[in-house]
Amino acid sequence: MPRNPSTGVYSKPAGTTPSVGQVIDPAPWNALTTDLGNEITNSLPRDGSAPMTAPLKAASGTVSAPGIGFATNPQTGLYLKGGGLLGFTQNGVDVSFEKALVYSAKSGDYTAAASDDNAVNRFTQAATLTLSAAATLGANWHYCVIADGGDVTIDPTGSETIDGAATLVLKNGYSVNIICSGAAFFTNKLAARIESKADSSAVGDFVVGLILSNNGASPNTHIDFTSGSARSGSSFVSSAASFTKRVTGTFAAGTGAGGLDAGAVAANATYFAYALRKDADLSFDVVFSTSPTIGGITTTLLTGYTIVKCFGVVLTDGSSNIRPFVMYPRDEYTFVTPVKDAVSAAISTTSTLLALTAPNGVKVKAKLRFEFTSSATTNAALLSDPAQGALIAGAGNDGANVGSIQVASGFAVGSQEIWTNTSRQIRMAVGGSTGSIWIWTDGFHFPCGRSS
């Protein structure tokens, strides 16, 4: 064809430039009209009535004069950047295009390269992500990492930093966006913000849920915990699912595993339940200890854990079995079978201490019922908080909480909730004479911070 396919320049066929008086040869002139018809047909209609049948080639253009512009605004359109990259300009100002997002899963260590710009990599197990040199990746390079199977250690090359640190550990279950400045790496700080939020000291001290109960299948050895959360000071942990621990073994991670901080389960013992947070993944666990304070817990088996808060207690009986109990709102415990802590015990006008079946090492409010008898009439008994000192029973002194005997050797009854001392004891005395007393412990209140 006369049109040069490279330049688009049209050249007439030979023999189609006539002179005056020349006899026209129809062959070249027919070829000319055929060529003109073909070229008109191959031209793009301005009204858009027909499409191109081959790629449209535009001028490379510049940011101020794009190869494809608009009649009303020729400085807005498309142009060819350096390196064969397509550019878009608006009113002569370049607008950057984002590369297509590319997702891939990684099952091991990986080195991020320039080609990973705008990529999303999901790591399905613990791994180390090495970042190529910042100068190689260039300013504005960005990359998303998802830890979905283990912690991912993000390690820039050489002495380069990420958020000012040599490495960044992305905890399992978290994600982070990484941005390169051309000299260092930064993140959107979201993962660090979420993690630090769990340790915000401004939220308070509380327990939500985490209700204790005897396990249905193994009530003598296993304790179940409902889902919930606990906070103390700057430490917080939560569990979205129910959890189980046993007192017949030392601590091992996970539900159903042993829970003691040390030793073997003992008879007539007190075991405090402490919420744990695993440092690596912030997961929940529980340890039992006879210590009423965090400082007294044996931590040999708890490496990698933060002890958050005491949130409950269980007692064992003379056979080292967990006493059956029911836990009610606001940290109230009731024994399934009331415990007789005094059976026809001698009681006199001298105030004495009596140990109850209650947690040892802490003060609790014991739920008590009494029955009292005396050979003397008008005799009454007083049971009280040891913190009040040695009270004197009787109407003329500090009163009583067990009804007065009206008939010699008769019986009087009463009930009250009384705070113990840290040795599980309350005080008791009678006014005017001696007698015998029976005391039933129905349970206790051990406040751990539950509001419901």
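**Exercise 1.** In this predicted model, decide whether Asp117 is buried or exposed, and then describe its surroundings.

*Solution.* Asp117 has a relative accessibility of 16%, and since the cut-off for a buried residue is under 20%, Asp117 counts as buried. The next step is to place the residue in the chain, where Asp117 lies in the loop that runs between β5 (110–112) and β6 (119–123). Finally, leaving aside residues up to four places away in sequence, the contacts of Asp117 are with Lys99, Asn140, Trp141 and His142.

**Exercise 2.** Determine whether Leu56 is buried or exposed, and state which surface patch includes this residue.

*Solution.* The relative accessibility of Leu56 is 60%, and because exposed means over 50%, Leu56 falls in the exposed class. In the chain, Leu56 belongs to the loop between α1 (26–42) and β1 (77–80). On the surface, Leu56 joins Leu44 and Met52 in a nonpolar patch, and together these residues have about 300 Å² of accessible area.

**Exercise 3.** Work out the order of the strands in the open sheet of four strands, and explain why one side of β5 and of β10 has no neighbour in the sheet.

*Solution.* The strand order is β5-β7-β9-β10, and the pairing is mixed. β5 and β10 (168–170) stand at the edges with a single partner strand each, and therefore one side of each is left without a neighbour in the sheet. From one strand to the next, the twist averages 25°. Looking at one pair in detail, β9 (residues 152–156) runs antiparallel to β10, with three bridges between them, and Thr153 has Val169 in β10 as its bridge partner.

Note on methods. Residues are numbered from 1 along each chain as its sequence is written. This is a predicted model: local features need pLDDT of at least 70, side-chain atom pairs count only at pLDDT 80 or more; totals for chains, interfaces and linings use all residues. Side-chain values use heavy atoms; hydrogens and water are left out. Patches are made of residues with over 30% relative accessible area and no salt bridge: like charges are joined within 9 Å, nonpolar side chains (Val, Leu, Ile, Met, Phe, Trp, Tyr) within 5 Å. Accessible areas come from the Shrake-Rupley method with a 1.4 Å probe; for residues, only the protein chains shown count as cover. A salt bridge is a side-chain nitrogen of Lys or Arg within 4 Å of a carboxyl oxygen of Asp or Glu. Helices (H or I, at least four residues) and strands (E, at least two) are DSSP runs, numbered from the N terminus. Buried means under 20% relative accessible area, exposed over 50%, partly exposed in between (1.4 Å probe, protein chains only). Contact means heavy atoms within 4.5 Å. Two strands pair if DSSP finds at least two bridges between them. Axes are lines fitted to C-alpha atoms, for helices over the stretch in contact, and angles run from 0 to 180 degrees between N-to-C directions.
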